[in-house]
Amino acid sequence: MTHIGEAMHFRQHSFHPQLESQSEGQYWFAVQTKAKHEKRVAAELKEKGIAAFLPVFAEVHQWSDRKRNVEVPLFNTYVFVRIGGDQSSRVSVLQTNSVFRFVGVRGIGIPIPDEQIEAIQTIVREEVPFIPYPFFNLGQKVRVRGGSLDGICGVLLEINEDRSLIVSVESIQRSIAIRIAGYQVEAA
């Protein structure tokens, strides 16, 4: 069982390179792996000379007789790789045990902007406390979980850098906006 509610820290792990500026023709991609094989995949990619990044964090797991900090991948079933656009690099990654595909359209993969990977690498390096949170697109319909607003549905927007939930009555085309800071939300 995982202990929830405490801030967690990223841990330094041997499966990530130092911050790198974008090498000519080198891009970050996400690859999907078999569940619970992320560390093995990252290690095998590293053995092949491929830059792999696997952000991990410590979770408290509790068994009947003890508690223990366990390092788990931040993004289950995903490892980031930095490769060139040539076919041989892709094939080498895909021939790695427990790698299913590149993440993107038709398994080709979509390059991830360096800034996004560098942001995660900085957080890893600086060991900034965090709690994992589901990804939501602005404009996505969400439902509030818990508290006095439990079950309320609306559209997630950002107004003046503040996340808000827009609740609408479509038939009269009127809406209200409420701040959702402090509330948990889920996809509706």
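Select S98 to start. In this predicted model, S98 is partly exposed, at a relative accessible area of 22%. Buried would mean under 20%, so S98, at 22%, does not count as buried. S98 sits in the loop between helix 2 and strand 7. Now check its backbone. The phi of S98 is positive, about 70°, although S98 is not a glycine. Most residues other than glycine have a negative phi.

**Next stop: T77**

Select T77. This residue belongs to the loop between strand 5 and strand 6. Its phi is also positive, about 70°, and T77 is not a glycine. Is T77 buried or exposed? T77 counts as buried, because its relative accessibility is 17% and the cut-off for buried is under 20%.

**Then T33**

Which residue touches both of these stops? Select T33. Its contacts beyond four places in sequence include T77 and S98. The others are E38, V41, Y78, V79, V99 and F100. Show them as sticks around T33. T33 itself lies in strand 2, residues 26–33. With a relative accessible area of 1%, T33 is buried.

**Over to F53**

V79 was among the contacts of T33. Keep V79 on display and add F53. F53 is in strand 3, residues 51–53. Its relative accessible area is 0%, so F53 is buried. Draw a distance between the C-alpha atoms of F53 and V79. The two atoms are separated by 6.2 Å, with these positions 26 residues apart along the chain.

**Helix 2**

Select residues 87–94, which make up helix 2. Which of its residues are buried? They are S89, R90 and V93. Look down the helix axis. These residues cover an arc of only 95° around the axis, so they lie on the same side of helix 2. Turn to the face pointing away from that buried side. There you find the exposed residues Q87 and S88.

What covers the buried residues of helix 2? The cover includes strand 2, helix 1, strand 6 (78–84) and strand 7 (99–102). Strand 2 is familiar by now, as T33 lies in it. Colour these elements one by one.

**The second largest pocket**

Select K36, E38, V72, P73 and N76. Of the 14 residues that line the second largest pocket, these lie nearest its centre. E38 has come up before, as a contact of T33. The volume of the pocket is about 330 Å³.

Which elements supply at least two residues each to the lining? Helix 1 (38–47), strand 4 (56–62) and strand 5 (67–73) do so. Helix 1 also helps to cover the buried residues of helix 2. Now colour the lining by class. Five of its residues are nonpolar, four are polar and five are charged.

**Zoom out**

Show the whole chain as a cartoon. How many helices and strands does it have? There are three helices and 13 strands. Of its 188 residues, 34% count as buried; T33 and F53 are among them.

Switch on the surface. The accessible surface of the chain comes to about 11,800 Å². Carbon and sulfur atoms hold 52% of that area.

Finish with the contacts. Take those in the chain with a separation of 6 or more. Residues 24 or more positions apart account for 65% of them.

Conventions. Residues are numbered from 1 along each chain as its sequence is written. This is a predicted model: local features need pLDDT of at least 70, side-chain atom pairs count only at pLDDT 80 or more; totals for chains, interfaces and linings use all residues. Side-chain values use heavy atoms; hydrogens and water are left out. On a 1 Å grid over the protein atoms alone, a cavity is a set of points where a 1.4 Å probe fits but cannot get out, and a pocket is an open set with protein on both sides within 12 Å along at least five of seven lines; lining residues have an atom within 4 Å of a point. Grid points are joined across faces, edges and corners, and a volume is the space filled by probe spheres set on the points. Helices (H or I, at least four residues) and strands (E, at least two) are DSSP runs, numbered from the N terminus. Ala, Val, Leu, Ile, Met, Phe, Trp, Tyr, Cys and Pro count as nonpolar, Asp, Glu, Lys and Arg as charged, and the others, Gly among them, as polar. Buried means under 20% relative accessible area, exposed over 50%, partly exposed in between (1.4 Å probe, protein chains only). Contact means heavy atoms within 4.5 Å. Accessible areas come from the Shrake-Rupley method with a 1.4 Å probe; for residues, only the protein chains shown count as cover. The arc is that of the directions from the helix axis to the C-beta atoms.
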